[in-house]
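Biologist: I'm new to this one. Can you walk me through its charged contacts?
Modeller: Sure, here it is.
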Amino acid sequence: MALDAEVQWECQSGGDDNNGGGFNADAAGTDYSQQTSAQATTTTATVVNSTTTIIDVDSGDYTCTDNDVGNIIQIYGGTATPGFYEITARSSQQWTLDRSVGTAGQTVVAKMGGCFATPGGMSYALDNGGVRGNRCWVKSATYTITNATGGTAGGPFKNTSVDRFQIEGYETTRGDRGTPPTLAAGSQTNVILWENGIATEATYINLRADGQSQTGVNGFKLNYVGANCFECEAVNCDVAITNYGFSGGRQASCKAVDCGIGFQLGGQSCSIAIGCNKGFQPDAGSSHNCLAYDCVIGIDLWNLGTRAVNCTVDNCTTGMRTSSYYEFIANCIISNCTTAFDENTAINGEDLQRVALYNNTSDGDIPSVTFFDYYIITLTADPYNDIANDDYRLNNTAGGGAACVVPLGIDGSNTTIGALPQVASSSYSLHPLAYN
């Protein structure tokens, strides 16, 4: 047997990476994983029964109860087989576990209940006991790594074995998606803070990476098109222009600040890049409803068929750069840039549909081949609601935001150009972190 798919793992500041750290949400017992201290600690007085799926818990170590059922124990010492096991039944001073823990008479040094202390410790558990369907929870705090080895206690979070799992940060109560937990580089260099290290589906939610401007530190790496980040943030991954906030997979409602590359490879939607060397550099996917400002290059369409749709780029050295064939730029605004377009390689084939330009020092290399009736819209007024406070919603000014309301072309209704709607139509912001 193996652990159940309904096991949920917990990490909190003040926990212990030797704790059990998990609980089967379908079990009838009491979840002890959401407390920082272990519910039970066993010593060499606790041993494996002649039935090796049972351990005999010494009464001097702990008094067993039915509430223990469903909790995970971590065996980390003694002579029994190390690992993570679920308590599936209790009888007197015996725990029945989901599988054999060794041979009769072996000693069991373990902890039951209590959460992990570090995301690295949690990913060690996921790799050494987790299964498809598990969920991981990280309570809001700053977790500063103390070593550079992924998937170890005190190290970066790195999943190398479990597919189709979810990890989510929370502030006070699981699922509240409040202030995210931060995984910080500290003094470590050349690491990836959050990594999905195998080609598998996974979802990372409400997490934060802080590279703390250390050499070679990257934020999130997903390694697979089916892996996703939602409402995550990466900051200060900026020592080299190749260091990234996000790489691979898909990101939605995410934010990168002061990174070499905010978002590279994969595709993004409803996300923000601020102060990056390159804000967005999608691969075979697209950047959709994204905002880049104060970057060297806002959006770099460097690969065959990459797309920027309903994006806003402001106050960048270069608004958008194209380097291959068949890039598609539609319903975008480029404003206040030194150069709006840079056709980095003289290759024709870019398609532009309804791209609005405002107050750029130079339009630059307007791509020479297009296939649509709508091409360039020249704005004569600032289109934004309150640019001084980074509010990029469209205003209703003639020649500005009003000129960014255009026919949808399908049913006679209208749509807007750029990443954000008009102020009159919505108070919606692109991302909950956008204007903090």
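Biologist: Which residue forms a salt bridge with Arg-177?
Modeller: Glu-168 does. The closest N and O atoms are 3.1 Å apart. Keep in mind that this is a predicted model.
Biologist: Is Glu-168 buried or exposed?
Modeller: Glu-168 is buried, because its relative accessibility is 2% and the cut-off for buried is under 20%. Arg-177 is partly exposed, at 35%.
Biologist: Which residues join that pair in one network?
Modeller: Salt bridges with shared partners tie Arg-135, Glu-168 and Arg-177 together.
Biologist: OK, new topic. How many salt bridges does the structure hold?
Modeller: Eleven.
Biologist: What does Glu-201 meet in a salt bridge?
Modeller: The side chain of Arg-164, at 3.6 Å from N to O. This pair links distant parts of the chain, 37 residues apart.
Biologist: Where do the two residues sit?
Modeller: Both are in loops. Glu-201 lies between strand 15 (192-196) and strand 16 (202-205). Arg-164 lies between strand 12 (157-159) and strand 13 (165-170).
Biologist: And how accessible are they?
Modeller: Glu-201 is partly exposed at 28%. Arg-164 is partly exposed too, at 44%.
Biologist: Switching again. What is the partner of Arg-99?
Modeller: Asp-98. Their closest N and O atoms are 2.6 Å apart, in a salt bridge.
Biologist: Is Asp-98 buried or exposed?
Modeller: Buried, with a relative accessible area of 4%. Arg-99 comes out at 21%, so it is partly exposed. The buried class stops under 20%.

Note on methods:
Residues are numbered from 1 along each chain as its sequence is written. This is a predicted model: local features need pLDDT of at least 70, side-chain atom pairs count only at pLDDT 80 or more; totals for chains, interfaces and linings use all residues. Side-chain values use heavy atoms; hydrogens and water are left out. A salt bridge is a side-chain nitrogen of Lys or Arg within 4 Å of a carboxyl oxygen of Asp or Glu. Buried means under 20% relative accessible area, exposed over 50%, partly exposed in between (1.4 Å probe, protein chains only). Helices (H or I, at least four residues) and strands (E, at least two) are DSSP runs, numbered from the N terminus.
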